[in-house]
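Biologist: Please pick one spot in this model and show it to me closely. Then walk outward from there, so that I can see how the rest of the protein fits around it.

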Amino acid sequence: MDAKAHKDIEELYQDTVHWHVNTGGETIHAKRVPGFFRTLKWYTGSLWLLYFILPYFRWEGDQAILFDIPHRQFHFFALTIWPQDIWMLSLVLILLAMTLFGVTAVAGRVWCGYFCFQTVWTDWFTWLEEKIEGNPIQRRKLDAAPWTLRKVRLKLFKHVLWMLIAVLTGITFAAYFTDVYQLWADYLTLQAPLVAWVVLAAFIFGTYVFAGFMREQVCFWLCPYARIQSVMVDKDTIMPTYDYKRGEPRGKVRGKGVSERGDCIDCRLCVGVCPTGVDIREGMQEGCITCGLCIDACNGVMEKVGRPKGLIRYASRKEMAGEKLRPFFRRPRVWAYLSIFLLSAGGIVYGLTHIPPVELSIVHERQPLFTRMSDGSIQNKYTIKAVNKTSQNLHFRLSIRGMDHVRVRLEEAGDIVLHAGRTVPIRVFLQAMPAQLKKEKTKIYFVLESVSGKDKIKISKRSVFIGPGKR
Ligand code: SF4
Ligand code: SF4
């Protein structure tokens, strides 16, 4: 170890004397060290910037992504999902759950460490804190110092920036449910409806308190995923792990008995960088979000003291026990997650490629089932409920298949007009002579054929014509 590295390590020992395992009693001021996982965390966290810009995307003049609750539609660029297609949303949720379970089974809490909004927002908040108040030692000193003008100025500046992020987070969330430009105008002129203010207040409170103050405590106490993840991991799951055999007995880098010590120089930098205040050397713990920052820290230390990197590394319990690691494709649990994932993905693809432009349902009048008319014919009454899922009004002509010589009468004569994005109930009367009815119930098909628009649309729906039956 050269003189500079030695000085660095000695300074590290001075720095880390206050770093201890998190028991929730005080704010964690984690040190930031550069490294592969730190960079990865920046990149994955940056994906959340899309959250802030997506509401401004337009598609054919309208907001590209919009949960239009008043009209019960979800717009996603060219796609419009109606309540009738909501089953696809269930599949999307199953697919996301299986992705989460599968990734957790293979590589632990990847979601928590790199993607979760709670940890990402906390990372942004603490980055700002570091820029304003300084490194962990300076922050701790500032927290303990009496209130001076400087302290007020620094704290005020930090909280104003945190609040701005919280406000932007809240407005952005609301923007997924209404036109974003109108929403900004409504907020700025204080004309927004009550529900918009409630959403904004809830998000400001949640973001400011969870990311600014509670931080890792949200993962410890509020997040259900932290509780259930233990059932998804097994001995083959790779997670940031301390190589106990190589590291122990730990001890200072110099001094008596150094030759009998393991590679861990007990600098505690791995604890100091941990955003949840975990000492990974004590084994896998509930608080570990598998962010890998302790790996970066320890690798830096190992480089300085001239020892091989990887004292803390992504490894499975089996690997640490000297057993052979099963590849993920030979693990039944991964196959189970993958199979459900593929089934859900297949269902979503099918749904998206088979969404009909018009959703049709036929309700047969039950009271009475049929009416005998003065000319001796039998009449059945139906209500057609049709949803035009396109963006244009459509004109249709109705015909009946499956029964000959049936007379069709609409409550309103002429073509059936389905207005864009609306559900219209249409009353229809069918009449047939008893001689044409061979049995009590005759299977028939209502066929709607478009007579307007470039693309011809033809939809048919099965129903039944009910008569008195043969006596
Ligand atoms: S595991 Fe690495 S970072 Fe942690 S105390 Fe030991 S040497 Fe330091
Ligand atoms: S122990 Fe390591 S991997 Fe786990 S949360 Fe702390 S820094 Fe991240």
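Modeller: Let's start at Pro 368, which sits in the loop between strand S8 (358-364) and strand S9 (371-372). Keep in mind that this is a predicted model. The peptide bond leading from Gln 367 into this proline is cis, with omega near -5°.

There is another cis bond to look at, this time from Glu 248 to Pro 249, again with omega near -5°. You will find Pro 249 in the loop between helix H13 (244-247) and helix H14 (269-272).

While we are looking at the backbone, find two residues with a positive phi. Glu 60 has phi near 50°, although it is not a glycine. Its place is the loop between strand S1 (58-59) and strand S2 (62-63). A residue counts as exposed when its relative accessible area is over 50%, and Glu 60 is at 74%, so it is exposed. Arg 72 is another residue other than glycine with a positive phi, about 50°. This arginine lies in the loop between strand S3 (65-68) and strand S4 (73-76). With a relative accessibility of 59%, Arg 72 is counted as exposed.

A little further along is Ile 86, in the loop between strand S5 (79-81) and helix H4. Its relative accessible area is 46%, which makes it partly exposed. From Ile 86 to Phe 74 there are 12 positions in sequence and 9.6 Å in space, going from C-alpha to C-alpha.

Next, the interior. The largest nonpolar core contains 37 residues, and those with the most contacts inside it are Leu 269, Val 301 and Ile 312. Two or more residues each come from helix H1 (3-15), helix H4 (87-107), helix H5 (110-115), helix H14, helix H15 (293-305) and helix H17 (332-353). Helix H15 is the biggest giver, with eight residues in this core. There is also a second, separate core, made of 28 residues, including Tyr 382, Ala 386, Ile 400 and Val 406.

Now go back to Ile 312 for a moment. Leaving out residues up to four places away in sequence, Ile 312 touches Thr 241, Tyr 242, Cys 270, Ile 280, Cys 294, Ile 295, Cys 298 and Asn 299. Ile 312 is also one of the residues around ligand 1, and that shell includes Tyr 242, Cys 270 and Cys 298 as well. Other residues around ligand 1 include Cys 264, Cys 267, Asp 266, Arg 268 and Arg 281. Sorted by kind, this shell has nine nonpolar, no polar and three charged residues.

Ligand 2 has its own surroundings. Among the residues around it are Pro 240, Pro 275, Val 278, Ile 280 and Gly 292, together with the cysteines Cys 274, Cys 288, Cys 291 and Cys 294. This shell divides into nine nonpolar and three polar residues, with no charged ones. Two of its members, Ile 280 and Cys 294, are names you have just met as contacts of Ile 312.

Cys 274 is worth pausing on. It is found in the loop between helix H14 and helix H15. Its relative accessible area is 10%, and Cys 274 is therefore buried. Setting aside its neighbours within four places in sequence, Cys 274 is in contact with Ile 28 and Ala 30. By contrast, Ile 340 lies 66 residues from Cys 274 in sequence and 34 Å from it in space, C-alpha to C-alpha.

Finally, step back and look at the whole protein. It has 17 helices and 16 strands. Its radius of gyration is 33 Å, well over the 23 Å that the globule rule gives for 471 residues, so the protein is more spread out than a compact globule. You can trace that in the spans of the C-alpha trace along its principal axes, about 115 × 60 × 40 Å. Of the 471 residues, 44% are buried. Among the contacts with a separation of 6 or more, 70% join residues 24 or more positions apart. The accessible surface comes to about 26,000 Å², and carbon and sulfur atoms hold 63% of it.

Note on methods. Residues are numbered from 1 along each chain as its sequence is written. Chains are lettered from A and ligands numbered from 1 in the order in which they are written. This is a predicted model: local features need pLDDT of at least 70, side-chain atom pairs count only at pLDDT 80 or more; totals for chains, interfaces and linings use all residues. Side-chain values use heavy atoms; hydrogens and water are left out. A residue is near a molecule or strand if one of its heavy atoms lies within 4 Å of it. Ala, Val, Leu, Ile, Met, Phe, Trp, Tyr, Cys and Pro count as nonpolar, Asp, Glu, Lys and Arg as charged, and the others, Gly among them, as polar. Helices (H or I, at least four residues) and strands (E, at least two) are DSSP runs, numbered from the N terminus. The radius of gyration is taken over C-alpha atoms; the globule rule is 2.2 Å times the number of residues to the power 0.38. Buried means under 20% relative accessible area, exposed over 50%, partly exposed in between (1.4 Å probe, protein chains only). Contact means heavy atoms within 4.5 Å. Accessible areas come from the Shrake-Rupley method with a 1.4 Å probe; for residues, only the protein chains shown count as cover. A nonpolar core is a set of buried Ala, Val, Leu, Ile, Met, Phe, Trp, Tyr and Cys residues joined through side-chain atoms within 4.5 Å.
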